[in-house]
Structures are given as C-alpha cells and as structure tokens.
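Biologist: Please take one part of this model and look at it closely, following it outward to whatever it joins or packs against. I would also like to know how far the coordinates can be trusted.

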Amino acid sequence: MSLRQFEYALAVAEEGSVTAAAEALRVAQPSVSQQIRGLERDLGVELFSRTPTGLVPTVAGRAFLREAEVAMNAARRARATARAGADELVGELVVAVQMGLGARQLPGALSALRRRFPRLEVTVFEEPNPTELERLARGGVLDLALMAGPCEEGLYDGHHLGDEEFVVVLPAGHPALAADRVALRELEREPWVRFDPASALDGVLADVLRDNALAPTTVARVSQTATAVRWAAHGLGVTVVPASAVPPGHEHLVRPLSPAVSQPVVASVRPGAGLAETALLEFLRQETWYRFGRSWVAPASPAGSAPAV
C-alpha cells in the first residue's frame, strides 16, 4: 500500500465518485480506478459500495479510511519536519480551541509563533462541542487544542496553562455592578442569554445554575461568546462567560461570581510534538491566564490586540 492509494481513497470518499475524485486530484480517472482496485485487492475487502447517489464506504471501508486519514496527517507532519531548518519551519499547524477559551491569549501566542516561523501556515478553528474536539483528536486531525481538561483516552499530552475564571455580564446601570462580586442568587429574576445546549460553555452555565438551585428564563441562545456579551450589554439578559472572552470595551460591565467559578485551561499537544507545537505551547505559557482574588479588576484591553478567536 502507498500514501497515494490512501489519498485517492480519501478523495473518492469525500467526492462520492471516481470521476469527481479524479477532477479534485487533477489526475486521470483510470489512474484513480486502478489505484482503488489495487488497494482493495491488497486488503482483500471492498472499500466502497455503488449506490444510486454514488460510491459509499463500506463498513470495512470506513474503518480503513479513519486510519488512512491518520496516516496522511502523519505524512504531512513528517514532510514539514523534514523541511524545517534551524531558523525556518514550513508546513501547516492545525489548532483547535474550545469556544470561550484563550480568546485574548491565543492571538498573542500565534503572533509570536508567526514572527518565529514566518513561513508556517496555521489553521485555527473554534469548536463549541467538546465531543467534536475528541472526535477530531481521535482522527489525528489536530496538532494542538485548547480544552477545559485533558483529552480522553490519553491521545494527547496535557499541559495545564492556568485557570479561567468566569464572569457575569450585566447591562449598563444594573445595580449589581456596584458590587465587587455578584452572587448568582441576586440574578434569580433576570432573563439569561445562553449558548447551544451541546456546547461546553452552556454545560458550565447549566452546572452553575443547578448548583445554585436556579431555573431562570432563557431569552436567547447564541453561538459566540462575543455575541452573548454584546446582547447582555444591550439589556437583553445577563450571561456568564470566561473572563478572557469579554470583548474590549465591555470590561466595565462584568463582575466575577461569588462563589468563584473557574475551569482549567489545558493545551493538549500531540505526543512527539514537533518544533511548531512546542514553540506555540511555550508562547501560550507566557500569556496571562485570568484568575482573580477576592477583589477583581477588569483586565485591560491590550493595544492592537487581535479579534477573539
């Protein structure tokens, strides 16, 4: 078996036909067909079933394709490592962040990484659902992920960066803004802006509300922390978000909770990490992770900071 065969099989699964796969790969259709037949012959199984809507992976095919994707990702990293010089690194680094974490810290760390390796391509995406992050990790898609806890099954090496404290966002003029901290029971009658029920952020909020025996009215559900903050600031309802996820210009509308609510921030790094992952991890460790004492001062907006990831 060869990596080319893996690439062709993944393309057929993605495109749904040999013709479309050949067009996507910019190769002749007979070449794709020949490689797939040879691969099935070597494996002794059929990888695809022909249906009215196109080629669909068989049970054996799905199992093979999962491993083929891992192998292709490993080959990509191997090429990038081989081409790395003493002061230069080329290739792609794939980073995922659990929604709401590292909104202020990650841009600074990525800027430092870019200065260190200007030819390195970095792909970053925000994922609200921790289950999806785990799936991507098992598929070998991610090089590094920011998560609120270690990756399951020991797939990645976890590095505790700090703790992220949660804050409540209140409308301008709200009486609770006069306090250093806000007890959740003071917000019992307030409407709430919440997040997708499958997201980790809404899971934290649901736990906090349950622990305080609160069942408030939900007036809206949003997919981004910045949206929740802005809607709360305009008086739609109150919300709770990680401190670093508060967009610049809204710090005066947030207060920490009493009792404090926080969660760990863990950088999950692929075992045997290369130069890029190691450098990004070090830059992340140099960032400030917010956890407040008994009195709280809103973090200042760094000049020229990048928008939240």
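**Helix α7 and its surroundings**

Modeller: In helix α7, the buried residues are A200, L201, D202, V204, L205, V208 and L209. Everything said here refers to a predicted model, and the positions in that list can be read with helix geometry in mind: an α-helix has 3.6 residues a turn, so residues three or four places apart point the same way. The helix covers residues 200–211, and its 12 residues reach 17 Å from the first C-alpha to the last, close to the 16 Å expected at 1.5 Å a residue. Just beyond the end of α7, A213 adopts a positive phi of about 55°.

The strand before the helix on this path is β8, residues 192–195, and both of its faces are covered, with W192 and R194 buried on one side and V193 and F195 buried on the other. That arrangement can be set beside a general rule, that in a regular strand the side chains alternate between the two faces of the sheet. Strand β8 pairs in the parallel sense with β9, residues 218–222, over four bridges, and within this pairing R194 stands opposite R221 of β9. The chain leaves β8, passes through α7 and arrives at β9, making a β-α-β crossover that is right-handed.

The packing around this unit can be described through the largest nonpolar core, which has 34 residues, and in which V168, L170 and W192 touch the most other members. The elements that give two or more residues to this core are β6, β8, α7, α8, β10 and β11, and α7 supplies the largest share, five residues. V168, leaving aside residues up to four places away in sequence, touches V182, L187, V238, T239, V240, L253, V254, R255 and L257. A second core, separate from this one, has 25 residues and includes V97, L110, L120 and L281.

A right-handed β-α-β unit is also formed elsewhere in the chain by β3, helix α5 (residues 105–116) and β4. Six of the eight residues of strand β3 (residues 91–98) are buried, so this strand is largely enclosed by the rest of the structure. Strands β3 and β4 (residues 120–127) pair in the parallel sense over eight bridges, and V95 has V124 of β4 as its bridge partner. Strand β3 is also joined by three bridges to β5, residues 144–147, again running parallel, and there A96 stands opposite A145.

As for trust in the coordinates, the mean pLDDT of the protein chain is 83, with 89% of its residues at 70 or more. Among the elements of the chain, β9, the strand reached from α7, has the highest mean pLDDT, 93, whereas helix α6 (residues 130–138) has the lowest, 79. Caution belongs with residues 292–309, over which pLDDT stays under 50, although the model has 32 contacts for them beyond four places in sequence. Where pLDDT is low, the predicted coordinates should not be read in detail.

Technical notes
Residues numbered from 1 in each chain as written. Predicted model: local features only at pLDDT ≥ 70, side-chain atom pairs only at ≥ 80, totals over all residues. Heavy atoms only, no water. Buried < 20%, exposed > 50% of the residue type's maximum accessible area, 1.4 Å probe, protein only. Pairing = 2+ DSSP bridges. Right-handed = clockwise from strand over helix to strand, strands pointing away. Expected span 1.5 Å × (residues − 1). Core = buried A, V, L, I, M, F, W, Y, C linked by side-chain atoms within 4.5 Å. Contact = heavy atoms within 4.5 Å. pLDDT = per-residue confidence, 0-100.
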